[in-house]
Amino acid sequence: MLDLSRRSFMAGSAAVATLAATGVSAQAKRPELRIAVQGLPVTLEPVNAIGNVGNRVTNAIFDTLIRRDFFADGSGSATALVPAIAKSWKRDDARTVTVTLADGIKFHNGETVTAKDVAFTFSADRAWGAKPMVPRGPLFSANFESVEAIDDKTVRFKTKADDFSLEKRLASWISWVVPEKLYREQGPEAFGLKPVGTGPYKLVEFIPGDRVVLEAFDDYYLGRPTASRVTFQVVPEVATRAAGLISGDYDIVCALTPDNLPLLASQSHVEARSSQIENVHLVVYQSDAPALSDKRMRQALNLSIDRDLINKTLWGGLAGITNGFQIPQYGVVYDPKRPGFKHDPAAARELVKAAGYKGEPITFRTLNDYYVNSNAAIQMMLEMWKAVGINARMEILDQWSQVLAPGLQIRNWSNGFQMPDAATPLPSDWGPKGSVQTVHGWKAPQAFNDLAAQVASMPDGDDRRGAFQRLLDIWEDEAPGAVLYRPVEIYGIRRDINWKPVSFEFMDLRPYNLSFAG
């Protein structure tokens, strides 16, 4: 049974936090950090904010029960689990994990975190019941049977089926802990505008569509934050973000493209830092749309896509072309020998002909570069599809509700790998509870759903790897969507700021990973 103690970890973390703060004396005013972003979520309720523009902000406001230490090996992509709000945890059996909370961890309003707060965070009421307060909660939650506060410091998690990934889930984005009393009083919508967490920074101002302003929470359990204030400012145009960094308007800018790299390299005071993140950009097909209900058409669309050409043209070869819907962080379940996605225009033409396609228009709906390089990638795919006889066009809309309105045929999407485990995102986001089956009309074979449930409940090993690889086989044959690539998150940053990106969708601004020279 695993029983990880907090003691040795906290000793090291305290030392790191102390070193991180050496650039600013206790008496001196800490610098402010100005971050330009391409967008913000409409809410800071941590589950509702999950997405490529939300996670970087909520990660500064909230802490998870257990923390994934991306820097355990110095890489920024490590998968070690270390104490956070939980000082220790113990696996009791295949379905049960018991967590003991650390002493004295405070919410931003000064209240101490209790087992009841943690139990509520993961409760059926809030996250996974028939009608949870957060409707997205079931998508990211474990298949819980119960979450129970045993006493003020102890919480017991029990799942309905075996779940050996539960500890990883308790370190994922579903695990940001919220205060029960305040959350129940306000409700998710009001809480999302004035959130209270335990993270290194607390909210000062939130103007949706414009900015989020945070200030240091000096009672933070990992040490005094190294910035006095952090502002996330919306700057929609990538060229304007890059120019603002060079002029000194911003200290860090997010979501740059390879086209910005030569400009940054020509400057002595700024530089680019990047990480290939645990996310894939995707195409999703409305599988019950008339032109796409025949899987041969979906297969043809996929075989037409030249991922290497898109990567070289748009990403300078920096994006990751996966061999299947998997990443190496899966560990033993990952198959490095699995063949990559095929590019075979000749086979695509034959499938289009066999499906009886008559050239009717197929529309690809999207927002305007919500995902970095997405418009250009779609334009390239339209030409690839045209070359095999598919008549497709792009429609740029203002809101996701318009994208998802009746008549949808193709849309773009991304899937974050919620945790370094094969239980997500393919078994979850594409499984029977995911939107591809519930909204996008994919009638998955029963074998797919059975395997998805098996993968979610099996321990790592050869059997699980085999089950997951069969799941991938069915997904590729059914072609309800297409994986394009793992994007690279490119940041521009002042050279005198000590900060490293991680291989995920959020920015880690905790004291051990942020300091200022001078």
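Ala, Val, Leu, Ile, Met, Phe, Trp, Tyr, Cys and Pro count as nonpolar here, Asp, Glu, Lys and Arg as charged, and the others, Gly among them, as polar. Keep that colour scheme handy for the tour, and remember that this is a predicted model.

**Stop 1: the largest cavity**

Select Thr64, Arg68, Phe70, Ala171 and Phe506, the residues closest to the centre of the largest cavity among the 25 that line it. The space inside is about 240 Å³. Colour the lining by class and you should find 15 nonpolar, four polar and six charged residues. Now show strand β2, residues 66–69: with three residues, β2 gives the most to this lining. In the whole structure, a search finds three cavities of 30 Å³ or more.

**Stop 2: the second largest cavity**

Move on to Asn52, Ile277, His281, Pro487 and Glu489, which lie nearest the centre of the second largest cavity, a space lined by 18 residues. Its volume is about 180 Å³. Three strands, β11 (252–256), β13 (279–285) and β18 (488–494), each supply at least two lining residues. Which of them gives the most? Highlight β18, which contributes three residues. By class, the lining of this second largest cavity holds 10 nonpolar, five polar and three charged residues.

**Stop 3: the second largest pocket**

Next, pick Ser141, Asn143, Pro427, Lys433 and Ala456, the closest to the centre of the second largest pocket out of its 24 lining residues. About 540 Å³ of space lies in this pocket. Show helices α5 (137–140), α15 (426–429) and α17 (446–457), since each supplies at least two residues of the lining. The biggest share comes from α17, with five residues. Coloured by class, the pocket lining has 12 nonpolar, seven polar and five charged residues.

**Stop 4: a four-stranded sheet**

Display the open sheet with strand order β4-β5-β7-β6 and antiparallel pairing. At its edges sit β4 (86–93) and β6 (144–151), each pairing on one side only. On average, neighbouring strands are turned by 20° against each other, direction ignored. Zoom in on β6 and β7 (residues 154–159), joined in the antiparallel sense over six bridges. One spot to click is valine 147, whose bridge partner in β7 is phenylalanine 157.

**Stop 5: valine 204**

Finally, select valine 204 in strand β8, residues 201–207. Is this residue buried, partly exposed or exposed? Its relative accessible area is 38%, so valine 204 is partly exposed, given that the partly exposed class lies between 20% and 50%. Beyond its neighbours within four places in sequence, valine 204 is in contact with Val213, Leu214, Glu215 and Arg229. For a last distance check, go to leucine 139: the two residues are 65 apart in sequence and 30 Å apart in space, C-alpha to C-alpha.

Conventions
Residues numbered from 1 in each chain as written. Predicted model: local features only at pLDDT ≥ 70, side-chain atom pairs only at ≥ 80, totals over all residues. Heavy atoms only, no water. 1 Å grid on protein atoms, 1.4 Å probe; cavity = no way out; pocket = protein on both sides within 12 Å on 5 of 7 lines; lining within 4 Å. Points joined across faces, edges and corners; volume = space filled by probe spheres on them. Pairing = 2+ DSSP bridges. Axes fitted to C-alpha atoms, helices over the stretch in contact; angles between N-to-C directions. Buried < 20%, exposed > 50% of the residue type's maximum accessible area, 1.4 Å probe, protein only. Contact = heavy atoms within 4.5 Å.
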